[in-house]
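Colleague: I should like a close look at a single part of this structure. Please take one annotated site as the point of departure and set its surroundings out in a connected account.

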Amino acid sequence: MSLIQWYPGHIAKAERQLKEHLKLVDVVLEVLDARIPLASHHPRVNDWIGSKPRLLVLNRVDMIPESARQAWVSWFKSQGETIYFTNAKQGEGVKAILKAAREVGEEINEKRKNRGLLPRPVRAVVIGLPNVGKSALINRLLGRKVVASARRAGVTRQLQWVRISDTLELLDAPGIIPSRLDKQEDAVKLAICEDIGDAGYDNQRITAALVDLVVEMQYDEILKSRYALDPRTMTGEEFIERLAQTRYKEDKERATMQILNDFRKGIMGAIPLELPPVG
């Protein structure tokens, strides 16, 4: 049995709309979750955008350590990609994205000029899975709050164009999730990070997977010092059970949500759930 149940009701419609709008767009800003850059990449985005310029934005950089950040820079460079790190909530890294988008616009307008056409604002689209921080990023790019943003997937429903300046227009698109994910471990990571939109899953099983993953990534000391339990001596499920016994009068759901929210809100510290593939 899979851990994650999908509810793909509005996915097909959102994809259709997005593909129509992509025809009008000059540059694509794909927002990924810095904790899980590979799992939070939509597998069909490359096909959709074709040869259009793409800026890869790894948001929530404040939630991973510097060592992970450097590892991703090197890996993406080896793949021929330049990446931009942001903490959209605080506005960190936003100026570099604006600059890169403007540079794309200058190239486009140079080509237009050569064909005898007048310059126009560059059209950019911000795409990514639900809740990776797209709306927060757009509000930062705008310098004011125009787009609804929340720590809840599915806040953006309609596609809307927002004028950033005389040289840049931005399309905010609803979060798009794949109609199916071949790798269940990616779905689990998306659920842990709350980047999954309308999906159903058992919080206890997802949190047990989180504990196991934190141990696998060798960040177990954080769990040990925070909850006074050594996760290396037990499974994730046993860890939740023990925490429930020691702190929550055997209430496993409370213990579960404590761990999950500590991770999701960054209270647990900077912990990556993925590192670049080796070899």
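Which side chain is joined to that of Arg-60 by a polar contact, and at what distance in Å?

Modeller: The partner is Asp-33: a polar contact of 2.7 Å joins its side chain to that of Arg-60. The model is a predicted one, and the values that follow are computed from it. Arg-60 sits in the loop between β3 (54-59) and α3 (66-78). With a relative accessible area of 14%, Arg-60 falls under the 20% limit and is therefore buried. Leaving aside residues up to four places away in sequence, Arg-60 touches Asp-33, Ala-34 and Arg-35, then Thr-86 and Asn-87, then Asn-131, Val-132 and Gly-133, and also Cys-193 and Asp-195.

The reason for choosing this residue lies in the record. An unreviewed UniProt entry lists Asn-59, Arg-60, Val-61, Asp-62 and Gly-175 under "binding site", and such annotations may be inferred rather than shown by experiment. Gly-175 is placed in another loop, the one between β7 (168-172) and α6 (184-192). At 19% relative accessibility, Gly-175 is also under the 20% limit, so it counts as buried.

Each of these two loops adjoins an element that merits a further remark. On the side of Arg-60, the loop leads to α3 (66-78), and Ala-68 lies in this helix. Ala-68 is buried, its relative accessible area being 1%. Beyond residues up to four places away in sequence, Ala-68 touches Pro-272 and Leu-275. Ala-68 and Ala-270 are separated by 202 residues in sequence, while their C-alpha atoms are 9.7 Å apart in space.

On the side of Gly-175, the loop follows β7 (168-172), and Glu-169 is found in that strand. Glu-169 counts as buried at 17% relative accessibility. A polar contact of 2.8 Å links the side chain of Glu-169 to the side chain of Arg-163. With residues up to four places away in sequence not counted, Glu-169 touches Pro-121, Val-122, Arg-123 and Ala-124, together with Trp-161, Val-162, Arg-163 and Ile-164.

To return to the starting point, Arg-60 is a buried loop residue whose side chain makes a polar contact with that of Asp-33, and the record names both Arg-60 and Gly-175 for the "binding site".

Conventions: Residues numbered from 1 in each chain as written. Predicted model: local features only at pLDDT ≥ 70, side-chain atom pairs only at ≥ 80, totals over all residues. Heavy atoms only, no water. Helix = DSSP H or I, 4+ residues; strand = E, 2+ residues; numbered from the N terminus. Buried < 20%, exposed > 50% of the residue type's maximum accessible area, 1.4 Å probe, protein only. Contact = heavy atoms within 4.5 Å. Polar contact = N/O pair within 3.5 Å; in protein donor to acceptor, adjacent residues only side chain to side chain.
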